Every structure is written in structure tokens, then in C-alpha cells.
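Dear colleague,

Please find below the structure that I agreed to pass on to you. A short account of what was found in it follows.

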Amino acid sequence: MALLHVTFSKSQNEYPFLITVHFCSVFLFLFRQTALCIGVGSFSDPNDLPGLAHFLEHMVFMGSEKYPSENGFDAFLKKHGGSDNASTDCERTIFQFDVQRKRFKEALDRWAQFFICPLMIEDAIDREVEAVDSEYQLAKPSDSHRKEMLFGSLAKPNHPMSKFCWGNAQTLKTEPREKNINVYKRLREFWKRYYSAHYMTLAVQSKESLDTLEEWVREIFSQVPNNGKPKPDFSDQLSPFETPAFNKLYRMVPVRKVHALTITWALPPQEKHYRVKPLHYIAWLIGHEGTGSILSMLRRKCWALALFGGNSETGFDQNTTYSIFSISITLTDEGFQNFYEVAHLVFQYLKMLQTLGPQQRIYEEIQKIEANEFHYQEQTDPIEYVEDICENMQLFPKEDFLTGDQLMFEFKPEVISVALKLLTPEKANLLLLSPEHEGQCPLREKWFGTQYSVEDIQQHWRELWAGDFDLNPSLHLPAENKFIATDFTLKTSDCPDTEYPVRIMNNDRGCLWYKKDNKFKIPKAYVRFHLISPVIQKSPKNLVLFDLFVNILVHNLAEPAYEADVAQLEYKLVAGEHGLVIKVKGFNHKLPLLFNLIVDYLADFSAAPDVFSMFAEQLKKTYFNILIKPEKLGKDVRLLILEHSRWSTIQKYQAVLDGLSVEELMEFVSSFKSELYAEGLVQGNFTSTVSLLTFYIRCIKLQFKKLSVEVPVLFRVVELPQKHHLCKVKSLNKGDANSEVTVYYQSGPKNLREHTLMELLVMHMEEPCFDFLRTKETLGYHVYPTCRNTSGVLGFSVTVETQATKFNTELVETKIEEFLVSFGEKMNSLSDEAFKTQVTALVKLKGCEDTHLGEEVDRNWTEVVTQQFVFDRLSREIDALKLMTKAELVNWFMGHRGEGNRKLSVHVVGYGEEEEGSKMSLYGEVSKLTFLPASTLLASVTTITDIQAFTSTLNLYPYHKILK
């Protein structure tokens, strides 16, 4: 496959190109990808139209002179199994798409027209403003976005960092009308000024020859206008945060229940030092979790749960005006009370780094780890790959397009020292998040309404940090890493090669599936185990104890396993619904060391009283933070209705509020470990002998008995009545306007063919759903149909995420019904050609080669963890698709819409003028649901106001797996 890099540049000719070509050794994909980066973003927004760059990114996609259909490009892509997206950053805007290879050139031409002659029809402006506004409303409850907006507001007046980059209805519709600003005219002017060829870089990846790709690009993109004007340059606006507002303590009320301290420095732009990456070196040490690190000490004091440091390299964190360096620490209740001491520990560590100076041993260790990962990396997502390349072309010289953002090229201690010396207490800004601040923060950030206050740093600490304070003897640099792989040889198979995993061990205590990788040929492996237990689902209390157990186990492992983590040996422990899931992956050379370490800590589990208290308190916050998200609450309610014996997050929250003890936890863990069924999958560069040894080591160390009763790994599902039911609940976040409406049609326990039919139906539905509910009705930013597999029982749904400030959820439900009626008409008139095109697209999607080993492992693991073991599911589904008829599809949909359908609507109702209820404290009661009645708009619907009473009268489907 060829990857073509294209830079559009100005010269004496009319539309010239500088074309740089690079051959990539990648697997052959059935889909082709393209990304284009424009060197302009929200920094270029005019002061009187905040968010215009973001708005233009939306508008250019709404038809072109050559292809005028407003939703035509999306419809074309959906028809041929493709997708597209775009994003606006501070100084760059990126567009991308993928599609079947057969349609790649046509898609490329359609897409290029948005940069050549977009329609941007005036009639679409008001409708698309609503989409931008919905995107903004969805972002408002995000603490990370709130922190960014608050931080940006501290910049110098009129500096681009202080701009409101999102845009909303207020800035793009209401205020422009009041000021007689013609938004349509200004959009056109912005496009003409900034969407110029010489600001653009393009990456095209396809199986065609480089000559062919170059020919296509020249032919299609030669008409992109080039105005020859200088590129926007903000590099003269340095030091945006050298203001009296910086180097203060800001207290902020978060949306979630979380205590967090963020220490931030605004440094000169660091992009020019990409070959040294000084901030990456410093962040690696700050974020280290081994002995002698900041987090190690904070954990021992039970003051912190997590620490992240560095620069994310987004446009907000790194641009031509400055580079951010921030350290964010998730605090416990006790850590919050001692946040100044926490900050002092950070400053002591930084002073130690400044005193010792940059260490070549550590730099080369990081360099080696990054180089190993680069040279043996698995194929990344193709879309992400072309996105990264086209953005890198804006940032680095051509020889570093592929590596500039990944490798550490040269150790220059003087460059690192300059950055280190700037990380002093007197240049730092402190931001402290806590629910405890509610009622004590009189200030409001303009755009997100964040409650905050500002104060000077306490005099005691200010004076201490200004002087020559002592170092902490417990803080020191990390030792040499024993987990770094040095053996990258590919192992010889010790058994016949197979296309799918085979069971190499099977007894009454578990089984092991194995597949040697001979396709991707990388020195890496994946090991996964599911330890199934009958005690987990016995009660909400047991589920809470299980969550506690896993959280504390992860905490116990954090320090001893951290070296493995930074050496690209990844591990993850997940509290599954029916068992503990252990996942490890990375270079196979040292992977057994990590797996054995995890098993050792599992076998010898312990929980200190202070650690137990810390995580019990944190779990309350975790459950609360789940429940205040409308989409999470909607899922919780829907599954509580559908799955028999499922315990809800609300019930778990109630259980943790009731109180737990260390003794109860240890009794639960003992019970959990006594009886298990262990199901495993080993895949990659391991032999079957090593895999079996791994299995035996685990069994011997854990010393568990076989299960006395079989534990199902799924729930039984209720059979919904043959009428429309509605469960309408109030959002548990009192300050959130976002609502969610999901309309679900239950199909029942079906087979593999019918599951594939459902997928085909949803694929047909995607573009019309988007066009009707978002583009035309402007109900919300997120609108989508979904194929639902609920413990083997099939169904499909349509979901709209809207705002109570704009729409009542029942009105949204009626619009979904209107859409389904119109879609039914569309299905009845579906042409044979359109049907065949969609079938072909789905066949190609399912026939796509895996891009990397992890993708293949994920698919195989799903079969293992659900105990279905249909490893050739995709090929069976393709066979089923090839035999499907148009009549089958149409009858399938109409059958679900006819009399006697099993329909369930779930509404999570936000707070706003279109709904009843007023705003109260952000941190309301989340331990119970508030059920709402239906209005006359849905008079024929049966309302559910007691889920247990409703489900107790219903029949249960038998346990069902989709096996054939």
C-alpha cells in the first residue's frame, strides 16, 4: 500500500504542488483513507464572531456546487461503508474520511469540492448553528473542558488563548442578529481568506500505485484556491499568561464529585525542540509511579489516587504562543485537606531534578523504550494514521513526518535544563477542584458557567517556596528498568498453525485457548484471563465489595508493576459482571514477569485500613459521577428493565452509602478466590508450551477449587409486552440541560443470520436518521440508530441526545416516530441496486483485514468471555449476507413496526425551560430515581413508574447465545 504526502505550496505556477512520497509497509485494507489539515483554527476567529472557525468546519460539509445535495457526501459514504469527521483546534483544522477502495477516487472528488466550491447555503445556517450549539451543550458538563475555558480566561486581554473557540447559538446567531452582523457573508469571507491551498497538507493512503495517487491528487485538488496571502502567525504574541491573574490559587466547583489539584506553568513554545522533547523527559519523571516518586509518597500517605503530568500536544496545550506544562493529581479527602503539602512535595521533586540536572541514563532509557515501541509498533488505526501524518506535515521537516511526534532523537541537557529551570513555585498557577467549594465560589466563568474563586497563595507557603527550601530525602530518581525487552526474536511454532484459537487445556477448573501469531510477525503477545465467580452477582453489596477488591488490587500493584508499564508492558484489571478480567500485553520477552507479578498480588491480597477507607470513599464518588451522566443513567435504566437479576448503579451507590468494613471485604475476597472457573486466551509470539506453563502457574498460586455450580456469563432477559412502554426519569445532575431519548424495539432471541439482518437494517438507517433528526429537525448533536444485543436478545434503537433548554423529550419521541414512518416509506421503495450496494458495503466492512494483532485478539476474546466460541463469526455473517433478499430486510423492519411490537422508550430528562423543574445544587440526591408521568402528547403510552413491579409480571426468555 502507498502513502502519499502532499503539501500545497505557492509558486509562480497557478496551482503547483510539492509532493513528498513515502512507501509504508502496511497490511492491505479494503478501505482507503484521506486526511487534510489546514493551518488555521479558532485563533483566527474574529472577535465579534467567537466560534466561526468551528462553525465553518461544519458548514463546508453541507454540499458543493458540483455535488449540491446537503447531506450527499455522508449519504455516499454510508452507502459504501465509509465514515468522515472533522475537528477544529487552535491553529489547525483537520478533515478526514474513509471509504471502500472501489469508490475511493469518486469520494476523493466529492470531498475535495468542499475545499474548492462549497455551497454553504444560507438556509442551512440556522439549522447548523443548532448542531454547533448542541455540541457545546454536551461539552458543558465536562470538567476538563471547564478547566480549559477557565484557564484560557486568565490570558492577557485580546490574546487568542482567551477566545471562546466552541461557538454557540448566542455567539453565532443571537448576538450577530442584534448587531446586524451577516454571518453568512462572514463565513464566506473566512473561507475565502483561510481555506487556501498553501495552508493545506494532505495525506492519502491507498493500495494504488504512487503514480496513480499523485495523478488523482493533481487532477482533483488542482482547483483548490490559493490566495497567496501570508499564513496566520501568532508567534509574536508570546507569554499570554504573564499577568497578575496568574500564580494564584483558583478554587473551582467541578461537575463530578472529585478532589483534584492541577499545577500549571506557561512556558515559551517548545515545538522547535521536538528532537529533544524536553517536556516529555520531565513528564516521564514527574509521572513515574515507582519507589521514590511523587505519587508513591502520596499513595503511602493516602493523599492521592492518580497523577498525570506533561503536555498533551493539543493546540490548547502547545501552540506558537506558549507551551503548557501541568501536573494534575486526583486527591483523596485527606489529600484535599493537605493540598498545600501535596504541592510542596511536587516542588521538592522538581527542585531535586533541577539540582541533579538532566540524566543521560534516564534519557537513553526513555529513548530506548520509545524506539522499541516505534520499530515494533502494531498498525495504528488507518484514519488516525493519515490524520497524524497530515498534521505532522504542518509541524516538522519532511524527513520527520513519520517520526517527529514519536521519537526522542538527541540528548541535549542544556535544552532540558532551560525548561526545568522555569518550573518553579513562583511561576506556577494552582487550580483546586472540590465539591466542598460549592457555595464559596462567587465568580462565574463566562461561557461554561463554572463556579470559581481566586486568592493569593498562603503567605507561609509563598515565603517557603520563594526561599531555598529543603529537599525530601524520600524522593529520588527511578532505578534501572528490568522490564525493558531485549529479545525480539520471533518464536518457532511448536504445534500446527491454525486460523483460529484452539483449546489446549480444558478441565473442571478452566480452559485455555491459544493461537500463535504468524500473520503480523511482531515480538508481542496478549494474555487474557476471565476468573468467573458465583459470589459477584449475589447482591449489590457483593458488587461493591468486588469493585473495592479490584480497585485496591490495582493500587497494590501500581508501584511494583509501574516499570513494566513504562516499558510498554500494559496490564489492566477489570471488575467484569461475572468475574475478574486480567489483561496483559506487550513484548513477549518480559511479559511472563508481569503476569506472574499480578497473580502473586492476587494470591496474597491485603487491604490496609486506611487504603480501604480511601477507596470506599472514592467509590461513592465514582458511582455518583456515573449516575449524573444522562447517557449512563439511560443505559442503567434500560438494562435494569431488560435484564433479570441485574443490579443497578443506584443500588450499588446505596450499598456503599450503607457502610462496609475491611472484614467484609476480606471475607468476600476469600470467598471469591475459593471457587473459580478460569478461562484464558494467549495469542501472539508465544509457544503453546509457554502458554500452558502460564496457565499452570496461575492455578498453583491461586489454589482455587472448581465451581460447585455453573455460573452463566450473561443475564436472562425479560420479554417486553406487545405494546409501547415509557420509562421517564429526571436527570440526576441538577445543573445539566442535556436530555437523552432512546426508543428501543425488542426482537427476541435470534440467530446469527438475524443479527446480521439487524446490522444491515441499522446501516440503512444511519444516514437518513442523521439527515432527518439532526440536519433537518436540529434535535441534537448526537443522533444515531444502534443494533442491540442484550445478553443474546436482539433489538434496535434510535437515540437522540438533546437539551431541555430547547426541546421536551416527548416532542423528541414524536420526531423519532416521524422519522421511523418516513424510513418505512423509504424501505418500501428501496431499489434492488441500493439494497445490493449496502449489502456489498457491509460485506466489505466485515471482510476488512485486521489492522493489528490487538484487533484480532479483541474479537477472539469476545467469543471466549461470552463463552460462544464462534471464532469464524465474521465469515459466517458474510455468507449470511450474500443470501439475504431485499424482501427479508423490508419485512424485518415492518414486522417490528407493526401491531404487537415490543417497544420501550427511556427518557432521561434534563433541566431547562422546556421541561418542568428548576435548578438546584449540583450535588443532588442520586440514590433514587425520580419517575415522571407522560403528558397528553404520549397519551397512548403505558408509563413505568416502578421498574421492579413492572418486570416482576413479565416472562423471561431462556439464556440465549448467538451461535449459528
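A residue is called buried when its relative accessible area is under 20%. With that cut-off in mind, the buried residues of helix H8 are Leu210, Leu213, Trp216, Val217, Ile220 and Phe221. Viewed down the axis of H8, these buried residues fall within an arc of 125°, so they line one face of the helix. The general rule behind such a pattern is that an α-helix has 3.6 residues a turn, so residues three or four places apart point the same way. The length of H8 can also be checked: its 12 residues, 210-221, should span 16 Å at 1.5 Å a residue, and the end C-alpha atoms are indeed 16 Å apart.

Please bear in mind that this is a predicted model. The mean pLDDT of the chain is 93, and 96% of its residues reach 70 or more. Over residues 10-30, however, the pLDDT is below 50, although this stretch has 60 contacts in the model beyond near neighbours in sequence.

A second place to examine is threonine 778, in the loop between helix H25 (752-776) and strand S22 (782-790). Is this threonine 778 buried or exposed? Its relative accessible area is 12%, which is under 20%, so threonine 778 is buried. Apart from neighbours within four places in sequence, threonine 778 is in contact with Arg127, Glu130, Leu773 and Phe807.

Finally, an unreviewed UniProt entry places the domain "Coenzyme PQQ synthesis protein F-like C-terminal lobe" at residues 761-861. Over residues 761-861 the chain is 59% helix and 20% strand, with the end C-alpha atoms 26 Å apart.

With kind regards

Definitions and conventions:
Residues are numbered from 1 along each chain as its sequence is written. This is a predicted model: local features need pLDDT of at least 70, side-chain atom pairs count only at pLDDT 80 or more; totals for chains, interfaces and linings use all residues. Side-chain values use heavy atoms; hydrogens and water are left out. Helices (H or I, at least four residues) and strands (E, at least two) are DSSP runs, numbered from the N terminus. Buried means under 20% relative accessible area, exposed over 50%, partly exposed in between (1.4 Å probe, protein chains only). Contact means heavy atoms within 4.5 Å. The expected span of a helix is 1.5 Å times one less than its number of residues. The arc is that of the directions from the helix axis to the C-beta atoms. UniProt positions are given in the numbering used here, feature names are shortened, and annotations may be inferred rather than shown by experiment. pLDDT is the predictor's confidence in each residue, from 0 to 100.
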